[in-house]
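Please look through the sequence and the model shown here before reading on. The report is meant to be read with both in view.

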Amino acid sequence: MFTLPIGDHARLRPLEPWQAPEFLAHIDRARDAVDPWIPWATFSTDLPSAKATLQRYADRQAVDNGGIFGIWLDGTLVGGVMFTRFDTTSGVCEIGCWLEQAGEGRGLVNRACRTLIDWAFTERGMSRVEWWVAAHNARSIGAARRLGMTRDGVLRRHSPYRGVRHDIEVWSVLAEEWPTVGEGSASGVQAELDRLMGVFVGAFTNTGGRRPDLDVLRDVFIPQGRIIANVGGEPVIYDLDAFIEPRRRMLTDGTLTEFSEWEVAARTEIFGSIAHRFSEYRKSGYHDGEWFEGSGHKTTQYLLTPAGWRMSSLAWDDVPAVVAG
């Protein structure tokens, strides 16, 4: 059976009914994290029920209507990804994921999901990949955003779980939006760099009750990445932690509300495994209750790493904001 590398010491391969004992041990370790979000985890409480869960996905895969795949780290099952729905007639499929704590912080889910999405588009000709998530599951919403998906809308009180009906957000990515980075084409690289910038600026958005997801910046930057502000002609240089934490506070404590930032123009140059982007952006929101609008410029450097394209540094220069009077 196939095994695919998805990072140092990490492998992706099918989860099959004969692996039920290992699967059950993993779910018991992960239960606190996955039980609130994934119904089959709730029902996989002993060996027969765990085997039944895997058998349902094996039956779906046999009729080309789904599938489940495990993520192993250093030989231990720590999570997985799945096609919860796979409809070749409509060209629409849905993916999901889960992870125990031991696998967190390594980008495993992102790389595993990208493997499934790439296969769905390039091998099976799917038109649309969906991601359905409970509206209060911030981590899963962050995962969808990191995959470059778009939030299509909310299905209000759609899904009952343990006596409570939950709103469900639907996110998606279309075939024409998916970067073909593996082919090494210029258009594919450009699309991936566009996606990374979209994830970066989208991380700060808190409009309409949406929670900002600044942790996503750790996925778009290399660990040693630097972010540089030009403040009054003096550069202020941040590592990722120093940049993220004060902005997280401002975006969640009421200082900065209904905030969003977006690119309005960009020029990208690609040279083999390095790239540069020069961007013009705008932003708006309420700062301490006063509406403001601003703009500025960014220069961003990218590197092609074993995990894909990543930002290595970003510098920006703001035009003074205009406060509504």
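What follows is a report on this predicted model, moving from the whole chain to its sheet, its hairpins and some individual residues.

## Overall form

The protein chain contains eight helices and 14 strands. Its radius of gyration is 21 Å, close to the 20 Å that the globule rule gives for 325 residues, so the chain is as compact as a globular protein of that length. Measured out along its principal axes, the C-alpha trace spans about 65 × 50 × 40 Å.

Of the 325 residues in the protein chain, 46% are buried. When contacts between residues at least 6 apart in sequence are considered, 55% of them join residues at least 24 apart.

## Surface and charge

The accessible surface of the protein chain comes to about 16000 Å², and carbon and sulfur atoms account for 53% of that surface. The chain carries 35 positive and 43 negative charges, and the mean positions of these two sets are 3 Å apart.

## The eight-stranded sheet

Eight strands form an open sheet with mixed pairing, and their order across the sheet is β1-β2-β3-β4-β5-β6-β8-β7. Its edges are β1 (4-5) and β7 (150-161), each of which pairs on one side only.

Within this sheet, strand β5 (residues 92-99) and strand β6 (residues 128-134) run parallel and are joined by three bridges. Here Cys93 of the one strand has Val129 in β6 as its bridge partner.

A further point concerns the loop between β3 (67-73) and β4 (76-87), which is where Asp74 is found. Although Asp74 is not a glycine, this residue has a positive phi of about 50°. Asp74 has a relative accessible area of 54%, and because the cut-off for exposed residues is over 50%, Asp74 counts as exposed.

## The hairpins of β11, β12 and β13

Strand β11 (residues 256-271) and strand β12 (residues 274-287) run antiparallel and are joined by 13 bridges, with Arg267 standing opposite Phe278 in β12. The hairpin that these two strands make has two residues between the strands, and Gly272 in this hairpin takes a positive phi near 60°.

β12 also pairs with strand β13 (residues 290-305), again in the antiparallel sense, over 14 bridges. In this pairing, Glu280 has His297 in β13 as its bridge partner. The hairpin of β12 and β13 likewise has two residues between the strands, and there Asp288 takes a positive phi near 50°.

Strand β11 also holds Glu258, a residue other than glycine whose phi is nevertheless positive, near 45°. With a relative accessibility of 35%, Glu258 counts as partly exposed.

## Helix α5 and the residue after it

Helix α5 (residues 138-146) has nine residues, seven of which are buried, so this helix is largely enclosed by the rest of the structure. The buried residues of α5 are Ser140, Ile141, Gly142, Ala143, Ala144, Arg145 and Arg146, a list that includes two arginines alongside residues such as Ile141 and Ala143. Just after α5, Gly148 takes a positive phi of about 80°.

## Trp178 and Arg195

Trp178 lies in the loop between β8 (164-174) and α6 (186-202). What is its relative accessible area, and is Trp178 buried or exposed? The value is 8%, and since buried means under 20%, Trp178 is buried. Leaving aside residues up to four places away in sequence, Trp178 touches Arg114, Ile117, Asp118, Phe121, Leu147 and Val173. Trp178 and Ile274 are 96 residues apart in sequence, and their C-alpha atoms are 20 Å apart in space.

Arg195 is found in helix α6 and is buried as well, with a relative accessible area of 12%. With residues up to four places away in sequence again left out, Arg195 touches Arg114, Arg146, Leu147 and Gly148. Arg114 and Leu147 therefore appear among the contacts of both Trp178 and Arg195, while Arg146, another contact of Arg195, is one of the buried residues of α5.

Methods
Residues are numbered from 1 along each chain as its sequence is written. This is a predicted model: local features need pLDDT of at least 70, side-chain atom pairs count only at pLDDT 80 or more; totals for chains, interfaces and linings use all residues. Side-chain values use heavy atoms; hydrogens and water are left out. Helices (H or I, at least four residues) and strands (E, at least two) are DSSP runs, numbered from the N terminus. The radius of gyration is taken over C-alpha atoms; the globule rule is 2.2 Å times the number of residues to the power 0.38. Buried means under 20% relative accessible area, exposed over 50%, partly exposed in between (1.4 Å probe, protein chains only). Contact means heavy atoms within 4.5 Å. Accessible areas come from the Shrake-Rupley method with a 1.4 Å probe; for residues, only the protein chains shown count as cover. Lys and Arg count as positive and Asp and Glu as negative; His and the chain ends are not counted. The place of a charge is taken as NZ of Lys, CZ of Arg, CG of Asp or CD of Glu. Two strands pair if DSSP finds at least two bridges between them.
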